[in-house]
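Colleague: I have the sequence and the fold open at the bench. Could you take me through some local features?

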Amino acid sequence: MKTIDEIREKLGEDASYYLDHVSKKIPKKRLKIPGPESVDTFIDSDRNPQVLKSLASLYNHGNLGGTGYLNILPIDQGIEHSAAFSFYKNQDYFDPENILKLAIEAGCNGVATTFGALGLHARRYAHKIPFVVKINHNELLTYPNKYDQILYGSVKEAWNLGATAIGATIYFGSEESNRQIQEIALAFEEAHQLGLATILWCYTRNNAFKIENEDYHSAADLTGQANHLGVTIKADIIKQKLPETNFGFKNINFGKFNDEMYESLTTEHPIDLCRLQVANCYMGKIGLINSGGGSKGESDIKEALRTAIINKRAGGSGLIMGRKAFQRPLKEGIEILRSVQDVYLTPEITVA
């Protein structure tokens with residue numbers, strides 16, 4: 001396990017910027033901070049005891065078990081980004097059993113992947129690691145490409161696989177978002193009836209969110225609002241990309257906004273931008289897990305540590321990271337996942 005000194009060394013001259021920052025716009029006293037009692041947040045909810053049992057299974061598994069933090073391995077890029085493009089760097093992952101082996105050996109809380117991958121190996125592994133079945137995906141073979149999430153199976157099918165949770169994506173802001181919201185809201189209702197937890201990938205998609213050289217798909221205000229819509233349809237955990245900018249509503253000039261809103265809620269510091277995402281998850285009562293992003297090579301461990309620190313210090317509940325781990329040899333993939341886990345296990349790294 002890495003010590004705080006080792007983590008500071010990896011961050012280099014950026015260490016103080018990320019580790020010593022204090023968030024003042026939305027103070028941490030307003031947040032529900034992740035901890036061993038995180039599942040107790042749902043005791044007064046409408047989730048039935050089987051859902052709480054499923055959430056506890058996810059939160060209590062792996063190296064982060066019992067901490068209130070999550071490190072989930074997601075590998076559905078074979079559909080979302082095409083299999084050849086996703087797996088040419090490491091051909092092992094054309095074989096889905098290696099997805100499960102990586103998650104288990106790295107001590108992840110769970111593994112999120114497709115009906116086909118989990119269905120082929122459910123009998124051997126469903127009792128060894130919590131399954132998150134991703135029930136919808138983009139479809140990449142239509143020409144020209146379109147961006148729509150469609151169902152690839154049913155909630156009942158995921159339940160029959162022994163799943164602990166279902167995962168789904170909504171492209172908020174897209175032409176198809178109304179249908180997706182209604183479709184996934186019904187899927188989440190059925191999942192809760194069957195005792196499954198629900199995880200929502202809250203992504204934004206609209207060509208108008210790009211203005212000249214500025215891309216607001218990862219703006220804190222837009223992604224924060226996507227999170228707020230996600231918790232509205234009863235996602236138990238929200239997955240979101242780390243915010244990289246802000247002022248999406250203002251600079252695109254749509255929705256509801258004013259300058260005072262931005263001034264009172266956040267600064268340009270990445271921890272404060274992520275804090276706005278957490279606030280939109282009912283002040284942290286619904287856990288926010290940020291994505292790890294793509295693999296860039298030698299800088300991956302530093303980038304993974306940075307993302308984990310931003311998420312943890314913002315009040316988030318963990319990382320869901322795939323490409324930085326599976327697009328490299330098994331040993332290196334395990335190392336990078338455990339480096340992320342070290343951030344959440346290091347007591348000196350606190351909520352800002």
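Modeller: Lys234 is a place to start; this residue lies in the loop between H9 and S10. Please keep in mind that the model is predicted.

Colleague: What is the phi of Lys234 near?

Modeller: Most residues other than glycine have a negative phi. Lys234 has a positive value and is a residue other than glycine. Its phi is near 70 degrees.

Colleague: Is Lys234 buried, partly exposed or exposed?

Modeller: The relative accessibility of Lys234 is 36%. Buried would need a value under 20% and exposed one over 50%. Lys234 therefore counts as partly exposed.

Colleague: Which residue forms a salt bridge with Lys234, and how far apart are the closest N and O atoms?

Modeller: A salt bridge calls for a side-chain nitrogen of Lys or Arg within 4 Å of a carboxyl oxygen of Asp or Glu. For Lys234 the partner is Asp46, with the closest N and O atoms 2.5 Å apart.

Colleague: How many residues apart are the two in that pair?

Modeller: Asp46 sits in the loop between H2 and helix H3 (49-59), while Lys234 sits in the loop between H9 and S10. The pair links distant parts of the chain, and the two are 188 residues apart.

Colleague: Which other residue forms a salt bridge with Asp46, and is that residue buried or exposed?

Modeller: Asp46 also pairs with Arg47, the closest N and O atoms being 3.3 Å apart. Arg47 has a relative accessibility of 13%. This is under the 20% limit, so the partner, Arg47, counts as buried.

Colleague: How do the two side chains of Glu332 and Arg328 meet, and which of them is buried?

Modeller: Glu332 and Arg328 meet in a salt bridge, at 3.4 Å from N to O. Glu332 is partly exposed at 37% relative accessibility. Arg328 has a relative accessible area of 14%, so the buried one is Arg328.

Colleague: Which residues do salt bridges that share partners join into one network?

Modeller: A network arises here where salt bridges share partners. One network is made up of Asp46, Arg47, Lys234 and Asp236.

Colleague: How many salt bridges are there by this rule?

Modeller: The rule is the 4 Å cut-off between nitrogen and carboxyl oxygen. By that rule the count is 13.

Colleague: Why is helix H12 (residues 270-279) largely enclosed by the rest of the structure?

Modeller: The buried residues of H12 include Pro270, Asp272, Arg275 and Gln277. Their cover includes helix H9 (220-232), helix H11 (259-265) and helix H13 (300-314), together with strand S10 (237-240) and strand S11 (287-291). H12 is largely enclosed because the buried residues number 10 of the 10.

Colleague: What is the phi of Met283 near, and where is Met283 placed?

Modeller: Met283 is placed in the loop between H12 and S11, and counts as partly exposed at 26% relative accessibility. Its phi is a positive value in a residue other than glycine, near 55 degrees.

Colleague: Is the peptide bond from Tyr143 to Pro144 cis or trans?

Modeller: Most peptide bonds are trans. Pro144 lies in the loop between strand S4 (136-137) and strand S5 (150-151). With omega near -5 degrees, the bond from Tyr143 to Pro144 is cis.

Colleague: Which residues gather in a patch of negative charge on the surface?

Modeller: One member is Asp5, placed in helix H1 (residues 4-11). Asp5 is exposed, with a relative accessible area of 57%. The patch consists of Asp5, Glu6, Glu9 and Glu348.

Conventions: Residues are numbered from 1 along each chain as its sequence is written. This is a predicted model: local features need pLDDT of at least 70, side-chain atom pairs count only at pLDDT 80 or more; totals for chains, interfaces and linings use all residues. Side-chain values use heavy atoms; hydrogens and water are left out. Patches are made of residues with over 30% relative accessible area and no salt bridge: like charges are joined within 9 Å, nonpolar side chains (Val, Leu, Ile, Met, Phe, Trp, Tyr) within 5 Å. Accessible areas come from the Shrake-Rupley method with a 1.4 Å probe; for residues, only the protein chains shown count as cover. Lys and Arg count as positive and Asp and Glu as negative; His and the chain ends are not counted. The place of a charge is taken as NZ of Lys, CZ of Arg, CG of Asp or CD of Glu. Helices (H or I, at least four residues) and strands (E, at least two) are DSSP runs, numbered from the N terminus. Buried means under 20% relative accessible area, exposed over 50%, partly exposed in between (1.4 Å probe, protein chains only). Contact means heavy atoms within 4.5 Å.
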